[in-house]
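The paragraphs below lead from the overall layout of a protein chain to a small group of charged residues, and then to the place where its two parts meet. Please keep the sequence and the coordinates in view while reading.

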Amino acid sequence: MIRVLVVDDHPVVRSGLSGMLSVTEDISVVGEAGDGSEALAIVESTRPDVVLMDLRMPRMDGVAATGAIVSKYPDTRVLVLTTYDTDTDILHAVEAGAAGYLLKDTPHTELLNGIRAAARGETVLAPPVAARLMSRLRAPAPTTAAAPSPRELQVLAAVARGLSNAEIGRELFIGEATVKTHLQRLFAKLDVDDRTHAVTVAIERGLLPSPGR
């Protein structure tokens, strides 16, 4: 029997997945979680074989939860199940230690086979995801990206403090559209596609101070 934890911030999605899995002879649902923090607590108490993990959730997202689970519970396999298939999402999940990456439009049978394969220790990738990874690997090495400008880093520092675009504009005496332009340029330079990842990468590269410093 494969013991599965379902993690998704949408109750209807969780309920649907749990119901589908519960009627499968070789799969048992040991719990449901609405975010990464809740998932960690349930993994600690139930030690599932496979965690079916959504990516974008409140409090702790799927990437952070995946990394924490894989490092602390190496026998538990994390299988990402999400609607997002961008290069950044895929790479962050794989780098965090996910055993596989499936999309929510995956057919029922393929999802079940993916869970079984993950439980056996195999890597599971949806065809579009595998194609993106192969394309990324085959692409020529990128040239050194331009460094963020001082103004762009000012904007990003404000983002790190939790300010909205409108609040950043008022603080820096620039228009909200200009703030958005700075952020779009930052995303391209840092090779990310959202504010949270931009701040994380900037801290990792020493462009912004770590929290608390």
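**From the fold to a charged network**

Thr88 is found in helix H4, which covers residues 87–96, where helices (H or I, at least four residues) and strands (E, at least two) are DSSP runs numbered from the N terminus. The model is a predicted one, in which local features need pLDDT of at least 70 and side-chain atom pairs count only at pLDDT 80 or more, while totals for chains, interfaces and linings use all residues. Residues are numbered from 1 along each chain as its sequence is written, and side-chain values use heavy atoms, with hydrogens and water left out.

In outline, the protein has ten helices and six strands, and its C-alpha trace spans about 60 × 35 × 30 Å along the principal axes. Of the 213 residues, 43% are buried, a word that stands for under 20% relative accessible area, with exposed meaning over 50% and partly exposed in between (1.4 Å probe, protein chains only). Counting contacts (heavy atoms within 4.5 Å) between residues at least 6 apart in sequence, 63% join residues at least 24 apart.

The domain assignment divides the protein into domain 1 (2–138) and domain 2 (150–205), with bounds that come from an automatic or database assignment. UniProt, in an unreviewed entry, lists residues 3–119 as "domain: Response regulatory"; positions from that record are given in the numbering used here, feature names are shortened, and annotations may be inferred rather than shown by experiment. The end C-alpha atoms of this span lie 9 Å apart, and the span is 48% helix and 22% strand.

The same unreviewed record places the feature "modified residue: 4-aspartylphosphate" at Asp54. This residue sits in the loop between strand E3 (50–53) and helix H3 (62–72), and it counts as buried at 5% relative accessibility. Once residues up to four places away in sequence are set aside, Asp54 touches Val7, Asp8, Asp9, Gly62, Leu81, Thr82 and Lys104.

Two of those neighbours, Asp8 and Lys104, are linked with Asp54 in a network of salt bridges, a salt bridge being a side-chain nitrogen of Lys or Arg within 4 Å of a carboxyl oxygen of Asp or Glu. Between Lys104 and Asp8 the closest N and O atoms are 2.6 Å apart. Lys104 lies in the loop between strand E5 (100–103) and H5, and Asp8 in the loop between E1 and H1, so this pair ties together parts that are 96 residues apart in sequence. The side chains of Lys104 and Asp54 meet at 3.7 Å, N to O, and this second pair links parts of the chain 50 residues apart. Within the network, Asp8 is buried at 1% relative accessibility, whereas Lys104 is partly exposed at 30%.

The structure holds nine salt bridges, and one of the others joins Glu32 and Arg14 at 3.6 Å, N to O. Here strand E2 (residues 27–33) supplies Glu32 and helix H1 supplies Arg14, 18 residues apart. Glu32 is partly exposed at 33% relative accessibility, while Arg14, with a relative accessible area of 16%, is buried.

Following the chain on from Lys104, one arrives at helix H5 (residues 108–119), whose twelve residues reach 17 Å from first C-alpha to last, close to the 16 Å expected at 1.5 Å a residue; the expected span is 1.5 Å times one less than the number of residues. The buried residues of H5 are Leu111, Leu112, Gly114, Ile115, Ala117 and Ala118. Just after this helix, Gly121 takes a positive phi of about 95°.

What, then, does Thr88 contact, leaving aside its neighbours within four places in sequence? The residues are Asp191, Val192, Asp193 and His197, and Thr88 itself is buried, with a relative accessible area of 11%.

Taken over C-alpha atoms, the centres of domain 1 and domain 2 are separated by 30 Å, and six residues of domain 1 are in contact with five residues of domain 2. Together the two domains bury about 460 Å², 37% of it on carbon and sulfur atoms, where buried area is the accessible area (1.4 Å probe) that two parts lose on being put together, summed over both. Across this interface the rule finds zero salt bridges.
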